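Dear colleague,

I am handing over the structure below, and I would be glad if you could look through it before reading my notes. What I found follows underneath.

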Amino acid sequence: MENVFIESPEAGVWKVGVSLDEFNQTGNTGAAFALVVSAAPMVTSAQGGDWNGDGKIDGSDLTDFLQAFFKGEADVNGDGLTTAGDFFGFLEVFFAGKR
């Protein structure tokens with residue numbers, strides 16, 4: 001598995017491609033892969049809960065995160081899904097950053 005994260009990407013249209021130099025099959029009849037592209041913000045421990053990126057950790061970060069979470073756009077842990085793990089992961093860094 002390989003992950004590519006682009007910190008502070010420029011706004012605009014992006015083209016994502018997949019190329020394959022070599023494929024080692026072990027009994028499979030076809031290549032299987034998944035590609036996930038997300039424009040949702042990812043929370044890192046360095047951000048410390050600053051969801052909206054304004055340099056402060058406050059109630060607006062929590063509100064903005066909850067709005068994104070209920071729209072399915074709050075993939076904090078980078079697994080391509082918005083789940084309870086993302087909710088608790090955000091709360092952990094949010095409250096750690098509030099200290």
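To begin with one residue, does Trp 51 count as buried or exposed? Trp 51 has a relative accessibility of 10%, and because buried means under 20%, Trp 51 counts as buried. Please keep in mind throughout that this is a predicted model.

**Overall picture**

The chain contains 2 helices and 0 strands, and of its 99 residues 19% are buried. Its accessible surface comes to about 7,800 Å², and carbon and sulfur atoms account for 54% of that area. Among the contacts with a separation of 6 or more, 39% are between residues that stand 24 or more positions apart.

**The nonpolar core and the aromatic residues**

Trp 51 also belongs to the largest nonpolar core, which has 9 residues and includes Phe 65, Phe 69, Phe 90 and Phe 94 as well as Ala 68, Ala 74, Val 76 and Val 93. Helix H1, which covers 59-70, and helix H2, which covers 84-97, each supply at least two residues of this core.

The search of the whole structure finds 10 aromatic pairs. In one of these pairs the rings of Trp 51 and Phe 65 have their centres 5.0 Å apart and their planes at 85 degrees, so the pair is edge-to-face. This pair links distant parts of the chain, since Trp 51 lies in the segment before H1 while Phe 65 lies in helix H1, 14 residues apart. Phe 65 is likewise buried, with a relative accessible area of 0%. Both residues are part of one aromatic cluster, whose other members are Phe 69, Phe 70, Phe 87, Phe 88, Phe 90, Phe 94 and Phe 95. Within that cluster, Phe 69 is in contact with Phe 87, and when neighbours within four places in sequence are left aside, Phe 69 also contacts Ala 74, Thr 82 and Thr 83.

**A buried aspartate**

Asp 61 lies in helix H1, and at 0% relative accessibility Asp 61 counts as buried. Not counting residues up to four places away in sequence, Asp 61 touches Gly 49, Asp 50, Trp 51, Asn 52, Gly 53, Asp 54 and Lys 56, together with Phe 90 and Phe 94. Of these partners, Trp 51, Phe 90 and Phe 94 are also listed in the largest nonpolar core.

**Residues with more accessible area**

How many salt bridges does a search of the whole structure find? The search finds 1 salt bridge, and in this bridge the side chains of Glu 73 and Lys 71 meet at 3.9 Å, N to O. Glu 73 is partly exposed, with a relative accessible area of 38%, whereas Lys 71, at 58% relative accessibility, counts as exposed.

A nonpolar surface patch of about 340 Å² is made by Val 4, Ile 6 and Trp 14. Ile 6 is placed in the segment before H1 and, at 49% relative accessibility, counts as partly exposed.

Val 16 is also in the segment before H1, and Val 16 is partly exposed, with a relative accessible area of 44%. The C-alpha atoms of Val 16 and Leu 35 are separated by 9.2 Å, the two residues being 19 residues apart along the chain.

With best regards

Terms used
Residues are numbered from 1 along each chain as its sequence is written. This is a predicted model: local features need pLDDT of at least 70, side-chain atom pairs count only at pLDDT 80 or more; totals for chains, interfaces and linings use all residues. Side-chain values use heavy atoms; hydrogens and water are left out. A nonpolar core is a set of buried Ala, Val, Leu, Ile, Met, Phe, Trp, Tyr and Cys residues joined through side-chain atoms within 4.5 Å. Buried means under 20% relative accessible area, exposed over 50%, partly exposed in between (1.4 Å probe, protein chains only). Helices (H or I, at least four residues) and strands (E, at least two) are DSSP runs, numbered from the N terminus. Contact means heavy atoms within 4.5 Å. Patches are made of residues with over 30% relative accessible area and no salt bridge: like charges are joined within 9 Å, nonpolar side chains (Val, Leu, Ile, Met, Phe, Trp, Tyr) within 5 Å. Accessible areas come from the Shrake-Rupley method with a 1.4 Å probe; for residues, only the protein chains shown count as cover. A salt bridge is a side-chain nitrogen of Lys or Arg within 4 Å of a carboxyl oxygen of Asp or Glu. Rings of Phe, Tyr and Trp (its six-membered ring) pair if their centres lie within 6.5 Å; planes under 30 degrees apart count as stacked, over 60 as edge-to-face and the rest as tilted.
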